[in-house]
Amino acid sequence: MPSAKDIQSIISKFRVPSDGTVRLKQYDPEWSGDTKLPKAERKKIAKELLSEDVTALAGAQELLYAADSWSILIIFQAMDAAGKDGTIKHVMSGVNPQGVQVYSFKHPSAEELDHTFLWRCMKVLPERGRIGIFNRSYYEDVLIVKVHPELVAAQRIPDGRTGKSFWADRYDDINTFERHLTRNGTLILKFFLNVSKKEQARRFLDRINDPAKHWKFSDSDVAERGFWDDYMQAYEEALAATSTKWAPWYVIPADHKWVSRAMVAKIISTSIESLNLIYPQVSDEKRRQIAEAKTKLEKQPQ
Ligand code: ATP
Ligand code: MG
């Protein structure tokens, strides 16, 4: 098993620097650990790490809830079939469902379009003590909307011209919003599940060839694939502009699901641990009440 230090050094390689630069081509979607080890061994290690972190997360979430001061916001963005749903399902599999809320953001509704692009996400931010997961997010407004700028028209922004400054302003809004959240007790973690174009085709074909997976297949997924390069450019620009010290992006290798799941679980569990939360201290008055209740209960006939 890799040491905690090795793991931290691996994780830091996938954290996008906050200096405004990122080259997505430098991140390998197929990365799957130390290639001196056989694949079966790497897979086994990843699965063991995932299982450890699923347990660690369950404990961390209980403490988060008891401490009732921090909340955690986890954002997932990716191309279709990168494995967002499966990652959320596996990584959160040990956590008390009452402490987690998952929201999936789709094409905005008429009501949502009547507000600014942050509104629908603001409404469902996690409260203190909870983990909120955004399956897609306000980042769609600088990704799909940037790839298809005609979508801006539907937002009816006065003078909504989509020049360079329009997108720069959106990045700026996002950074300021996230700064506000972190200053007030929300830990933000952002994951881009980096699947390759080749692996996406393989997964789409899998869906097409397996009738049990037909419900997952959508024509529009294939249409969006046609804009792959535009998406990669939009991702690169968004990640460069919005990976900050207070809300970093991680580019997670996603061609092997066992890698992405283990890595995401590790980053979430170590990030919560680094908050150094403690259970609330019991006051002398409370201790006295507990002792009194114990005596009363013991005296009562059973
Ligand atoms: P899955 O396919 O795994 O069920 P999904 O997240 O791809 O999950 P879909 O219903 O297939 O969900 O797609 C949602 C679509 O909504 C995506 O194409 C996404 O880009 C789009 N979308 C999300 N937010 C916005 C937005 N603000 N403006 C325009 N389109 C958006
Ligand atoms: Mg989809």
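Q: How far is a nitrogen atom of ligand 1 from an N or O atom in the side chain of Asp141?
A: First, a heads-up: this is a predicted model, where local features need pLDDT of at least 70, side-chain atom pairs count only at pLDDT 80 or more, and totals for chains, interfaces and linings use all residues. Side-chain values use heavy atoms, leaving out hydrogens and water. The Asp141 side chain offers an N or O atom to a nitrogen of ligand 1, and a polar contact here is a pair of N or O atoms within 3.5 Å. The distance is 3.2 Å.

Q: Which residue has a polar side-chain atom 3.0 Å from an oxygen atom of ligand 1?
A: Arg120 has a side-chain N or O atom 3.0 Å from a nitrogen of the ligand, but you asked about an oxygen. For that atom, the partner is Lys106.

Q: How many residues surround ligand 1?
A: A residue joins this shell if one of its heavy atoms lies within 4 Å of the ligand. Asp80, Lys106, Arg120, Arg136 and Glu140 are the closest. By class, the shell has five nonpolar, one polar and eight charged residues. The count is 14.

Q: Where does ligand 1 sit?
A: Sitting in a pocket takes more than half of the ligand's atoms within 2 Å of its grid points. Asp80, Ala81, Lys84, Arg136 and Asp221 lie nearest the centre of the site in question, which is lined by 49 residues. That site is the largest pocket.

Definitions and conventions. Residues numbered from 1 in each chain as written. Chains lettered and ligands numbered in written order. 1 Å grid on protein atoms, 1.4 Å probe; cavity = no way out; pocket = protein on both sides within 12 Å on 5 of 7 lines; lining within 4 Å. Polar contact = N/O pair within 3.5 Å; in protein donor to acceptor, adjacent residues only side chain to side chain. Nonpolar A, V, L, I, M, F, W, Y, C, P; charged D, E, K, R; others polar.
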